[in-house]
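Please take a moment to look over the sequence and the model below. The paragraphs that follow lead from the chain as a whole to its aromatic pairs, its pocket and a few single residues.

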Amino acid sequence: METQQGFLAEEVGVAPEIVGEALRKATTKLLNEVRKVREAISEIRRAIESRRDLFLIRRAGTPRDLCYAAIDSGFTAPAIELVGGYLGIVLVTEVLYGSRCGGGGIDVRAYVDLWFNDDLTNSIARYYERLTTLRLLERKRAGEADFDVLLIDGEIIPRTRWVSGGERSGRQELLGKVVDLTGEVLKVANETDTAIVGVLKRSYSRDIINILGFSNLKLSDKAVISLVLEEGEYLIAGDHFTIRAELEKLTGMPGVRRDWLRSRLEWYESLVNSIPVGYTVKLAFYRAPRTIYPTATKVEYVTSDTIDEETLLSNLVHISSGTGIPAPVDYADSFSNISRELKQTVYNKLLAELAKSVGSKEIVPLLSLINPEKLRHIIG
């Protein structure tokens with residue numbers, strides 16, 4: 001193409017053949033792994049069934065009529081980056097779901113904070129989410145709410161590694177509070193006969209396939225189990241303490257990567273140290289019917305006196321939506337989105353409030369966007 005100045009110019013872009021070659025490489029890599037798993041499905045299933053001391057595959061039974069409470073949070077990720085620090089917004093949604101709830105209900109609360117040197121939005125979101133969970137359980141204990149199962153979008157037990165010695169950072173302080181709140185949540189849930197389920201949407205662990213002796217497979221537990229389970233089935237996969245003990249047995253085993261195993265054992269050590277004494281948190285996978293994608297959903301759970309794991313997991317299979325996620329969690333998630341309008345409102349209100357106190361001349365530079373061109377679509 002010739003410009004008015006006579007210079008030759010080329011359209012900027014990526015040639016289709018380059019994209020095609022890259023896609024072929026990625027596709028071939030994935031297909032090779034899928035073929036390996038497919039060839040081993042029957043063997044993997046037999047290995048699972050031979051370890052009934054740890055694993056158990058069952059078909060979901062008839063569901064009970066239960067009331068579910070779901071807690072979810074949404075937050076700015078990353079925070080709004082200002083010259084004066086990081087502005088974070090958190091929305092925490094609480095939903096009651098089910099015919100036994102008497103019509104259900106929705107409550108959404110917003111939290112705003114600013115940090116000078118570190119973006120702590122993710123950690124503060126976990127804190128407020130766990131605080132909301134505890135307050136809801138306390139309302140049940142006081143007779144102000146009634147539900148059977150509490151659903152959390154994410155883990156029940158916080159995933160955190162403590163730094164030994166020295167002064168804790170702001171993030172570590174928040175995570176410490178989350179761990180403490182989790183202990184209170186489990187205590188009040190036990191007192192109020194409430195089962196708890198944490199829905200683990202993102203999971204790339206390979207613990208189960210290594211325990212079963214298939215360390216040659218590179219896909220995650222969730223990916224492999226998605227191919228092993230049939231619709232309407234669930235797999236009980238033991239508790240965190242037992243899985244850690246099984247992983248310890250893999251030390252020195254041929255085919256098991258030492259660096260991977262060392263990292264997982266360190267991770268599990270941190271995890272089990274966050275579980276309050278006297279409580280057992282178990283893992284499971286299930287395949288809900290009629291999902292958009294035929295994948296398994298991973299959960300961790302604590303049963304109650306009146307809801308055993310068969311009832312709990314069977315109900316999760318039946319109340320899950322097309323995403324494979326329990327419908328109450330999907331419902332809560334739909335109200336937790338941080339919109340551009342909300343970001344713009346919070347930013348403008350912060351600017352106005354501070355300007356009233358110290359004057360716009362001093363405060364405007366501190367509230368200026370770090371990268372206006374990149375972030376103007378966020379603030380407007």
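Of the contacts in the chain with a separation of 6 or more, what percentage is accounted for by residues 24 or more positions apart? In this predicted model, such residues account for 73% of those contacts. The chain has 380 residues, and buried residues make up 47% of them. Its secondary structure consists of 12 helices and 10 strands.

One of these helices shows what burial looks like along a whole element. Helix H8 covers residues 309-319, and because eight of its 11 residues are buried, this helix is largely enclosed by the rest of the structure. The buried residues of H8 are Thr311, Leu312, Leu313, Ser314, Asn315, Leu316, Val317 and Ile319.

The aromatic rings come next. A pair of aromatic rings is described by the distance of the centres and the angle of the planes. The count of aromatic pairs here comes to four. In one of them, the rings of Tyr111 and Tyr128 have their centres 3.8 Å apart and their planes at 10 degrees, and because planes under 30 degrees apart count as stacked, this pair is stacked. Tyr111 lies in strand E5 (residues 105-115), whereas Tyr128 lies in helix H2 (residues 121-141), so the pair ties together parts that are 17 residues apart in sequence. Tyr111 is buried, with a relative accessible area of 15%, and together with Tyr127 and Tyr128 it forms one aromatic cluster.

Another pair has a different geometry: the rings of Trp267 and Tyr268 have their centres 5.0 Å apart and their planes at 85 degrees, so this pair is edge-to-face. Trp267 is partly exposed, with a relative accessible area of 22%, while Tyr268, at 2% relative accessibility, counts as buried. Trp267 also has a charge over its ring, since the charged end of Arg264 sits there, 4.4 Å from the ring centre. A similar arrangement involves Lys140, which lies over the face of Phe147 at 5.0 Å from the ring centre.

From the rings we turn to open space. The largest pocket holds about 890 Å³, and its lining is made up of 29 residues, of which Asp153, Gly154, Glu155, Leu200 and Arg202 lie nearest the centre. Strand E2 (68-75), H2, strand E7 (195-200) and helix H7 (258-273) each supply at least two residues of this lining, and H2 gives the most, with five residues. Sorted by class, the lining of the largest pocket has 13 charged, nine nonpolar and seven polar residues.

Two single residues complete the tour. Asn210 is found in helix H4 (residues 207-211) and, at 3% relative accessibility, counts as buried. Leaving aside neighbours within four places in sequence, Asn210 is in contact with Ser215, Leu250, Val256 and Trp260.

Gly85 is found in strand E4 (residues 85-97) and, at 5% relative accessibility, counts as buried. Residues up to four places away in sequence not being counted, Gly85 touches Ile80, Trp115 and Phe116. The C-alpha atoms of Gly85 and Ile370 are separated by 9.2 Å, although these two residues are 285 residues apart along the chain.

Conventions: Residues numbered from 1 in each chain as written. Predicted model: local features only at pLDDT ≥ 70, side-chain atom pairs only at ≥ 80, totals over all residues. Heavy atoms only, no water. Phe/Tyr/Trp six-rings, centres within 6.5 Å; stacked < 30°, edge-to-face > 60°. Helix = DSSP H or I, 4+ residues; strand = E, 2+ residues; numbered from the N terminus. Buried < 20%, exposed > 50% of the residue type's maximum accessible area, 1.4 Å probe, protein only. Lys NZ or Arg CZ within 6 Å of the ring centre and 35° of its normal. 1 Å grid on protein atoms, 1.4 Å probe; cavity = no way out; pocket = protein on both sides within 12 Å on 5 of 7 lines; lining within 4 Å. Points joined across faces, edges and corners; volume = space filled by probe spheres on them. Nonpolar A, V, L, I, M, F, W, Y, C, P; charged D, E, K, R; others polar. Contact = heavy atoms within 4.5 Å.
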